[in-house]
Amino acid sequence: MTRKNNFYQAIYQEKARNNELVYKKPDSLIHFLEHDIYKSPFLDMSSKLKILEIGCGAGSVFNQQSNDKYQITAIDISEAAIFHAKKTSAGHINFKVMDITDFQREPGEYDLLFDSHCLHCLTDQTSRVNFFKNASQLLKPGGMLTLEAMVNHSRMTFDDRFTYQDNILIENNKDIRFIPHSRELEEEVLRNGFEICYLRVFETLKIIPDSQRSEALASDPDVMRVMAKRK
Ligand SMILES: C[S@@+](CC[C@H](N)C(=O)[O-])C[C@H]1O[C@@H](n2cnc3c(N)ncnc32)[C@H](O)[C@@H]1O
């Protein structure tokens with residue numbers, strides 16, 4: 001096991017040991033899927049969509065989605081997360097342990113890549129460039145990459161145990177999140193060979209960056225949603 005996947009594996013293993021490894025439906029991602037993605041004019045919903053969920057964690061956002069409309073594969077870097085996801089999820093989802101930053105040999109022929117809050121966990125530039133390279137390789141030409149990620153704002157603050165510098169959020173000496181300005185994330189998507197079809201920044205919707213807290217605060221990062229087409 002590489003050092004990279006040790007980090008998430010350790011988190012999920014500890015949760016499993018403490019019987020805390022439950023799949024919590026990420027409401028904001030479900031909202032993104034149902035209100036923005038499925039209703040967008042950029043996807044042909046009349047044929048069965050081949051979808052890849054990236055960084056699914058201990059379950060899939062697509063659990064309740066019908067088998068007839070979508071063919072779903074969900075990946076995560078952590079074996080412990082995928083083990084739990086397989087045990088507790090609907091049988092029609094194909095779960096796989098996979099690092100999205102690893103070189104992809106085969107084209108994936110996916111219609112839609114759904115980043116399940118994974119990109120903002122990639123804190124070094126090489127991993128982020130590889131994420132976009134692999135996204136291109138995994139999509140059909142014209143296929144859609146969808147992202148929901150944290151973006152910064154001027155009122156953003158963190159608890160004392162965190163440090164935030166050069167867009168990176170650090171906890172216990174470990175880089176845990178990459179939180180750029182929305183303009184920087186937009187430029188990154190464009191620079192990596194995608195055409196943006198939809199972009200929205202929510203100043204009231206929050207992704208909580210602190211695993212010890214369940215209530216969102218105004219000082220938490222804002223949310224940016226992007227739908228981008230592979231050129
Ligand atoms: C913030 S969690 C989100 C989990 C779940 N999608 C949710 O929204 O609750 C990010 C997930 O991405 C996974 N992850 C991190 N780096 C990854 C990588 N390089 N490849 C695949 N999955 C990765 C982590 O193991 C973790 O489950």
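In this predicted model, three strands form an open sheet in the order 6-7-8, with antiparallel pairing throughout the description of that sheet. Strand 6 (162-165) and strand 8 (174-178) are its edge strands, and each of them pairs on one side only. From one strand to the next, the twist averages 30°. For readers new to sheets, it helps to recall that strands pair through backbone hydrogen bonds, either parallel or antiparallel.

The pairings in this sheet can be followed residue by residue. Strand 6 is joined to strand 7 (residues 168-171) by four bridges, and the two run antiparallel. Threonine 163 has isoleucine 170 in strand 7 as its bridge partner, while tyrosine 164 is partnered by leucine 169 of strand 7. Strand 6 and strand 7 form a hairpin with two residues between them, and aspartate 166 in the turn has a positive phi of about 50°. On the other side, four bridges join strand 7 to strand 8, again in the antiparallel sense. Here isoleucine 170 turns up once more, with aspartate 175 in strand 8 as its bridge partner. The hairpin of strand 7 and strand 8 also has two residues between the strands, and in this hairpin asparagine 172 takes a positive phi near 50°.

A second open sheet is made of seven strands in the order 3-2-1-4-5-10-9, and its pairing is mixed. Which strands stand at the edges of this sheet? They are strand 3 (93-97) and strand 9 (194-206); each has a single partner strand, so one side of each is left without a neighbour in the sheet. Neighbouring strands of the seven-stranded sheet are turned by 15° against each other on average, direction ignored.

At one end of the order, strand 9 is joined to strand 10 (residues 222-230) by nine bridges, and these two strands run antiparallel. Within this pair, glutamate 195 stands opposite lysine 229 of strand 10.

At the other end of the order, the pairing is parallel. Strand 1 (residues 49-54) and strand 2 pair in the parallel sense over six bridges, with isoleucine 51 standing opposite isoleucine 72 in strand 2. Strand 2 is in turn joined to strand 3 by five bridges, and these two also run parallel. In this pairing, alanine 74 has phenylalanine 95 of strand 3 as its bridge partner, and isoleucine 75 stands opposite lysine 96 in strand 3. In a regular strand, the side chains alternate between the two faces of the sheet.

How does the chain pass between two parallel strands? Strand 2, helix 3 and strand 3 make a right-handed β-α-β unit. Helix 3 (residues 79-88) lies across strand 2 (70-76) and strand 3, and runs at about 160° to strand 3. Five of the seven residues of strand 2 are buried, so strand 2 is largely enclosed by the rest of the structure.

Cysteine 56 offers a closer look at this region. Its place is in the loop between strand 1 and strand 2. Is cysteine 56 buried or exposed? Cysteine 56 has 30 C-beta neighbours inside 10 Å, and therefore counts as buried. Leaving aside neighbours within four places in sequence, cysteine 56 is in contact with Ala74, Ile75, Asp76, Ala85 and Ser116. By contrast, the C-alpha atoms of cysteine 56 and glutamate 106, which lie 50 residues apart along the chain, are separated by 21 Å.

The model also contains a ligand, with 18 residues around it. Which of these come nearest? They are Tyr8, Pro26, Gly55, Gly57 and Ser116. By class, the shell around the ligand has 10 nonpolar, six polar and two charged residues. Ser116 thus belongs to the residues that come nearest to the ligand, and Ser116 is also one of the contacts of cysteine 56.

Note on methods:
Residues numbered from 1 in each chain as written. Predicted model: local features only at pLDDT ≥ 70, side-chain atom pairs only at ≥ 80, totals over all residues. Near = placed C-beta within 6 Å. Nonpolar A, V, L, I, M, F, W, Y, C, P; charged D, E, K, R; others polar. Pairing = 2+ DSSP bridges. Axes fitted to C-alpha atoms, helices over the stretch in contact; angles between N-to-C directions. Contact = placed C-beta atoms within 7 Å. Buried ≥ 20, exposed ≤ 12 C-beta atoms within 10 Å, placed from the backbone. Right-handed = clockwise from strand over helix to strand, strands pointing away.
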